[in-house]
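Work through the exercises below with the sequence and the model open. Each task is followed by a solution in steps.

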Amino acid sequence: MTTLDRRNFLKVAGMAAVAGTNVHMLAETSREAGQTIAANDNIHLALIGAGIQGQGDTRFALQVPGVKLVAVADCYDGRLTHAKELWGDDIFTTRDYREILARKDVDAVLIATPDHWHKQAAVDAMKAGKDVYLEKPMIHYYSDGPEIIDTARSTNRILQVGSQRVSSTVYAKAKELLASGAIGQLNMVSARWDRNSSIGAWNYSVPLDASPETCDWPRFLGSAPKIPFNPEHFFQWRKWKAYGSGVAGDLFVHLFSGTHFITGAKGPTRAMATGGLRYWKDGRDASDVMLALFDYPEGFNLSLRVNFQGHLQVRVSG
């Protein structure tokens, strides 16, 4: 019999990334039906980064029996206020996530900050004795990776990086079909993620009260270049390389993880890519079109594409 300890919680809660998943059903795999959860089996969770993804992840994580949200950190006051509206006035809120890490009633943290904060927040949390669910992509720069991995090993903390595809029953079925030979020999995988909307191109809404008073701009910048307050950079951060990892880190990572999960591949041996700003010439420096090709030692090729103005594309087939 498996109890709902922190390790199993992270495993089950990780499935919450699949939109519409009933996590109550998934939680039954970690405990016998009708089993009472003891007080010491309860998981006290804290959220670091309460934006769109952070709120969504937390909503599903709280469907796992025995999980309680006790604290939320974010650099925008409006999100902290909204957290109390969503989850109760007793939720501890702060702009400084280090105050959360100092709390002894926090067992695990869910990190959904901009990419450029992933490494430091995860490392700080593990060193503080917290287990970590870290939103994808794990890193902002390649150099971030070794420190995160080394810290997880040295502290013996649980580190799970979220990725929707590996939690999908659809992809699990595809993996089964490929392994059984039903699909036949795999020669090529073609995957794309096209978006036709402004919101899909990361033009998220900027709150009317956004200001240096309501937003902790210096804390948000962190290791990024120091520039004057810019609400678009704060709320639409994926559009700039200083805070995000572009379509590769936001969307290609899903296509990669899905491909690797289905095929069992570890990674490509050769890669080539191209792209650029083709449509959204609004001040961003992250490409809105990207294409890439990869060779795999397992004997197949992977073709990836992202187009942020997909309805303008022209298809030619023969």
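**Exercise 1: a helix pair**

Helix α8 (residues 169–180) packs against helix α11 (residues 246–263) at an angle of about 40°, and their axes are 8 Å apart. Helices (H or I, at least four residues) and strands (E, at least two) are DSSP runs, numbered from the N terminus. Axes are lines fitted to C-alpha atoms, for helices over the stretch in contact, and angles run from 0 to 180 degrees between N-to-C directions.

This is a predicted model, in which local features need pLDDT of at least 70 and side-chain atom pairs count only at pLDDT 80 or more, while totals for chains, interfaces and linings use all residues. Residues are numbered from 1 along each chain as its sequence is written, and side-chain values use heavy atoms, with hydrogens and water left out.

Task: classify the packing of α8 and α11, and list the residues that make the contact.

Solution.
1. Angles under 35 degrees count as roughly parallel, over 145 as roughly antiparallel, 65 to 115 as roughly perpendicular and the rest as oblique. With an angle of about 40°, α8 is therefore oblique to α11.
2. The crossing of the two helices, α8 and α11, is right-handed (clockwise turn of the near helix from the far one by less than a right angle; anticlockwise would be left-handed).
3. On α8 the contact (heavy atoms within 4.5 Å) uses Y171, A172, A174, K175 and L178. On α11 it uses G258, F261, I262 and T263.
4. These residues divide into six nonpolar, two polar and one charged. Ala, Val, Leu, Ile, Met, Phe, Trp, Tyr, Cys and Pro count as nonpolar, Asp, Glu, Lys and Arg as charged, and the others, Gly among them, as polar.

**Exercise 2: the sheet that α11 crosses**

Task: describe the sheet formed by β7, β10, β9 and β8, and place α11 on it.

Solution.
1. The four strands form an open sheet in the order β7-β10-β9-β8, with mixed pairing; two strands pair if DSSP finds at least two bridges between them.
2. The edge strands, each pairing on one side only, are β7 (188–194) and β8 (270–276).
3. From one strand to the next the twist averages 10°.
4. β7 runs parallel to β10 (residues 301–307), joined by seven bridges. D194 stands opposite N307 in β10.
5. α11 lies across β7, β9 (289–295) and β10, at about 145° to β10.

**Exercise 3: the six-stranded sheet**

Task: give the strand order of the open sheet of six strands, then place α4 and α6.

Solution.
1. The order is β3-β2-β1-β4-β5-β6, and the pairing is parallel.
2. β3 (92–94) and β6 (159–161) are the edge strands.
3. The twist here averages 20° from one strand to the next.
4. Six bridges pair β1 (residues 43–48) with β2 (residues 67–73) in the parallel sense, and A46 stands opposite A71 in β2.
5. α4 (residues 77–87) packs on this sheet, touching β1, β2 and β3, and its direction makes about 165° with that of β2.
6. α6 (residues 118–127) lies across β4 (108–111), β5 (131–134) and β6, at about 160° to β5.

**Exercise 4: backbone and confidence**

Task: find the cis peptide bond at P137, the positive phi at N156, and the stretch with pLDDT below 50.

Solution.
1. The cis bond joins K136 and P137, with omega about -10°; P137 lies in the loop between β5 and α7 (144–155).
2. N156, not a glycine, has a phi of about 60° and sits in the loop between α7 and β6.
3. The mean pLDDT (the predictor's confidence in each residue, from 0 to 100) of the chain is 88, and 85% of its residues reach 70 or more.
4. The pLDDT is below 50 over residues 15–35, a stretch with 38 contacts in the model beyond near neighbours in sequence.
5. Where pLDDT is low, the predicted coordinates should not be read in detail.
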